[in-house]
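Please look over the sequence and the model shown here before reading on. The report below is meant for someone meeting this structure for the first time.

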Amino acid sequence: MEISALLTSAGINISICIVLLSLYSILRKQPANYCVYFGRRLVCGGARRYDPFWYERFVPSPSWLVKAWETSEDELLAAAGLDAVVFLRMVIFSIRIFFIVAVICIAFVLPVNYYGQPMVHKEIHLESSEVFTIENLKEGSKWLWVHCLALYIITSAACLLLYFEYSTIAKMRLGHITGSASKPSQFTVLIRAIPWSPEQSYSDTLSKFFTNYYSSSYVSHQMVYHNGIIQRLLRDAERMCQTLKHVSPEINCKPSLRPCIFCGGPTATNSFHILSNEADSVKGMELGELTMTTTEQERSAAFVFFKTRYDALVVSEVLQSSNPMLWVTDLAPEPHDVYWKNLNIPYRQLWIRKIATLVGAVAFMFVFLIPVTFIQGLTQLVQLSHAFPFLRGILSKNFINQVITGYLPSVILILFFYAVPPLMMYFSALEGCISRSIRKKSACIKVLYFTIWNVFFVNILSGSVIRQLNVFSSVRDIPAQLARAVPTQAGFFMTYCFTSGWASLACEIMQPMALIWNLVAKVVTKNEDESYETLRFPYHTEIPRLLLFGLLGFTNSVIAPLILPFLLIYFFLAYLIYKNQILNVYITKYESGGQYWPIFHNTTIFSLILTQIIALGFFGLKLSTVASGFTIPLILLTLLFSEYCRQRFAPIFNKNPAQVLIDMDRADEISGKMEELHKKLHNVYSQIPLHSQKSSSKAECSNPFKKQELPDPEKLKPEEGDAIAKELWGFQGNESGQEHDAKSSAST
């Protein structure tokens with residue numbers, strides 16, 4: 001691929017980014033778009049908009065960039081939880097390591113590649129991208145030691161940064177456990193596969209078992225019921241509530257009498273009446289009246305509550321019976337994190353479901369080979385034109401050739417990839433995950449595997465077939481074949497960075513689907529409702545994208561370092577844009593407690609080892625035995641470092657330490673909080689959300705700006721340049737005390 005084609009793709013995507021970011025800085029100030037761009041603030045803060053008619057509202061401004069940059073990590077932790085902090089630490093790690101990689105490779109490796117062979121160089125925009133790769137070095141070149149030394153520096157810096165980040169995040173996770181002293185999940189164990197007995201119900205069987213074997217620690221339990229009818233009733237009630245919001249009480253809520261059609265007697269035209277107090281709607285109702293108690297609706301799963309956190313931990317870890325398929329125990333997720341639908345699945349079906357989803361994911365990966373191969377054909381039209389002569393007319397036009405080979409393939413691949421995350425999320429739900437956070441983590445791993453395989457390996461393999469390179473004939477040939485194939489795809493990987501990186505970030509901050517839906521709701525359907533959808537951060541799509549660019553950066557660092565500046569720009573933009581979105585748009589209803597970091601760590605280690613294997617293959621192709629000999633110990637040292645981190649830090653993310661939990665139990669017993677915690681356990685895992693629970697769930701939504709006193713907007717003037725007025729554009733507390741209702745996102 002020529003540099004001119006890369007510049008064409010870069011120019012198109014830079015223009016798209018500038019236009020979208022400018023539009024965002026304007027649209028975010030408009031009164032009608034507050035629910036699109038400030039959903040988290042509205043839900044957590046209960047705030048409403050004040051809209052002075054400033055001319056600044058229609059002029060692009062970088063104030064959101066400044067605010068995102070100035071927000072500290074403590075504020076971010078209070079606002080969005082540990083997962084958001086861990087994700088942004090992934091971005092910061094990527095910025096740090098690739099800044100080091102870019103300095104080393106651009107300063108030393110790139111000049112060596114460019115002047116690797118004696119030749120007459122063209123102008124930069126007319127050069128082929130392969131001139132800037134390691135392919136341009138001649139065999140037996142003495143300059144290959146520069147690549148080997150750069151590989152050692154990159155690996156050492158990456159491992160050092162990974163170690164400190166792993167250590168810091170492990171401490172954060174321990175702080176997350178100790179800081180959540182009142183969480184009911186620490187006292188609760190989810191029991192599945194309760195044995196069926198014809199003489200008694202599941203509830204009686206469970207009560208008898210735990211009273212017999214855990215009499216000193218067992219408190220109570222909450223059965224899981226068939227929730228199909230419950231969920232339909234709740235959904236219908238919510239729809240009715242939303243419908244009644246649009247009805248004027250003066251017209252429709254005054255009961256009147258008119259003759260009945262059938263009997264002629266008076267009948268009421270309206271069966272609804274307005275309650276004077278919202279508490280009257282649940283007055284006199286006990287929990288037992290709202291919970292199904294029939295044994296026919298019980299499922300072989302329940303939440304069992306214990307006196308201490310340590311008791312719950314022991315029960316969740318030990319085998320309860322001689323049959324491992326019965327009395328299966330796990331630490332319960334948080335109440336908002338429970339995926340109730342999967343608790344109805346019999347435990348004996350889970351292994352079949354996992355195999356079925358694995359087969360389905362693999363089958364979809366093979367089906368995806370078709371569009372990837374077609375895309376690779378677009379990047380190599382010169383080779384295909386020999387087999388298809390009608391393509392020569394297309395190639396004769398220079399600009400069309402640049403657009404087709406440099407921009408179109410990556411765009412098509414991104415469009416096909418939009419179908420991947422929803423499908424992987426569906427597969428993860430079919431597996432039987434007990435919580436939404438586990439389901440999203442499982443989907444993240446699936447999307448990561450799918451992305452790395454199709455974007456990296458399949459593109460290399462299909463490109464090799466089109467170029468008539470030999471496919472891997474043996475295991476020993478894998479490093480050499482990868483070394484031949486990776487430089488040929490360097491141009492495609494750079495264009496993919498432009499489209500999937502830069503342009504996707506601009507689309508992320510614009511929220512085009514939410515913006516269109518908001519426009520349709522307010523203009524077409526005339527919906528004046530103040531409620532809005534709240535979104536969860538899509539970790540299952542953004543972490544795989546971040547790791548893919550990390551893989552591309554490491555594997556191309558000494559092979560084709562021209563990609564590094566573009567990746568560094570992507571990581572800087574990602575830090576600002578994701579931080580802005582986490583603070584303003586996405587709300588945290590559940591989280592994994594930082595469990596995404598081991599995925600990031602392991603994938604980064606894989607990227608380093610793959611880079612070393614590819615470099616080893618290239619050193620072999622260039623007949624440099626010294627460089628090859630020094631690369632093999634580097635691979636072994638990286639594997640040893642990975643194993644050390646797995647032994648030292650990984651268990652903290654898989655299990656809760658007993659020492660920490662026992663200290664928390666003792667502190668609660670001394671302060672007298674233990675009895676109060678026991679009283680709250682039974683109600684929090686009810687399948688029917690009570691009014692008090694919904695209110696408490698809203699109270700749990702943290703807001704870093706809740707202690708900030710906002711001045712009266714009427715007293716502010718635009719020319720004063722007040723930072724609060726320009727950033728919050730007139731946010732003020734809702735004096736009437738009304739809060740906006742938050743709808744759960746259907747995708748999560």
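What follows is a report on a predicted model, taking up a strand and its partners, the loop residues beside them, a helix residue, aromatic rings and cavities in turn.

**Strand 2 and its partners**

Strand 2 covers residues 188–192, and because 5 of its 5 residues are buried, the strand is largely enclosed by the rest of the structure. Its side chains point in two directions, with Thr188, Leu190 and Arg192 going one way and Val189 and Ile191 going the other, and the residues of both groups are all buried. The strand has antiparallel pairings with two others. With strand 6, which spans residues 298–306, strand 2 shares 5 bridges, and within that pairing Thr188 has Phe305 as its bridge partner. With strand 7, at residues 328–331, strand 2 is joined by 4 bridges, again in the antiparallel sense, and here Ile191 is the residue whose bridge partner is Thr329.

**Two residues with positive phi**

Two loop residues have a positive phi even though neither is a glycine, namely Ala193 and Trp327. Ala193 sits in the loop that leads from strand 2 to helix 8 (202–213), while Trp327 is found in the loop between helix 12 (309–317) and strand 7. Their values are set side by side below.

| Residue | Phi | Relative accessible area |
|---|---|---|
| Ala193 | about 60 degrees | 9%, buried |
| Trp327 | about 55 degrees | 8%, buried |

Buried here stands for a relative accessible area under 20%, so Ala193, at 9%, falls in that class, and so does Trp327, at 8%.

**A buried histidine in helix 27**

His601 belongs to helix 27, which runs over residues 597–621. With a relative accessible area of 1%, His601 is buried. Which residues is His601 in contact with, once its neighbours within four places in sequence are left aside? They are Leu162, Tyr166, Phe641 and Cys645.

**Aromatic rings**

Across the whole structure, a search finds 51 aromatic pairs. One of them is formed by Tyr163 and Phe649, whose rings meet edge-to-face, with 5.6 Å from centre to centre and 65 degrees between the planes. Tyr163 lies in helix 7 (residues 144–179), whereas Phe649 lies in the loop between helix 28 (625–648) and helix 29 (650–654), so this pair ties together parts that are 486 residues apart in sequence. The two partners fall in separate accessibility classes, since Tyr163 is partly exposed at 28% relative accessible area, whereas Phe649 is buried at 2%. Elsewhere in the list of rings, a cluster linked by ring pairs contains Phe98, Trp453, Phe456, Phe457, Phe492, Phe493, Tyr496, Phe549, Phe554, Tyr570 and Phe571.

**Cavities**

Rolling a probe the size of a water molecule over the atoms shows where empty space is left. In this model, a search of the whole structure finds 7 cavities of 30 Å³ or more, and the largest cavity has a volume of about 150 Å³. This largest cavity is lined by 16 residues, of which Arg536, Phe537, Tyr539, Thr588 and Tyr590 are the closest to its centre. Sorted by class, the lining of the largest cavity is made up of 8 nonpolar, 3 polar and 5 charged residues.

Terms used
Residues numbered from 1 in each chain as written. Predicted model: local features only at pLDDT ≥ 70, side-chain atom pairs only at ≥ 80, totals over all residues. Heavy atoms only, no water. 1 Å grid on protein atoms, 1.4 Å probe; cavity = no way out; pocket = protein on both sides within 12 Å on 5 of 7 lines; lining within 4 Å. Points joined across faces, edges and corners; volume = space filled by probe spheres on them. Nonpolar A, V, L, I, M, F, W, Y, C, P; charged D, E, K, R; others polar. Buried < 20%, exposed > 50% of the residue type's maximum accessible area, 1.4 Å probe, protein only. Pairing = 2+ DSSP bridges. Contact = heavy atoms within 4.5 Å. Phe/Tyr/Trp six-rings, centres within 6.5 Å; stacked < 30°, edge-to-face > 60°.
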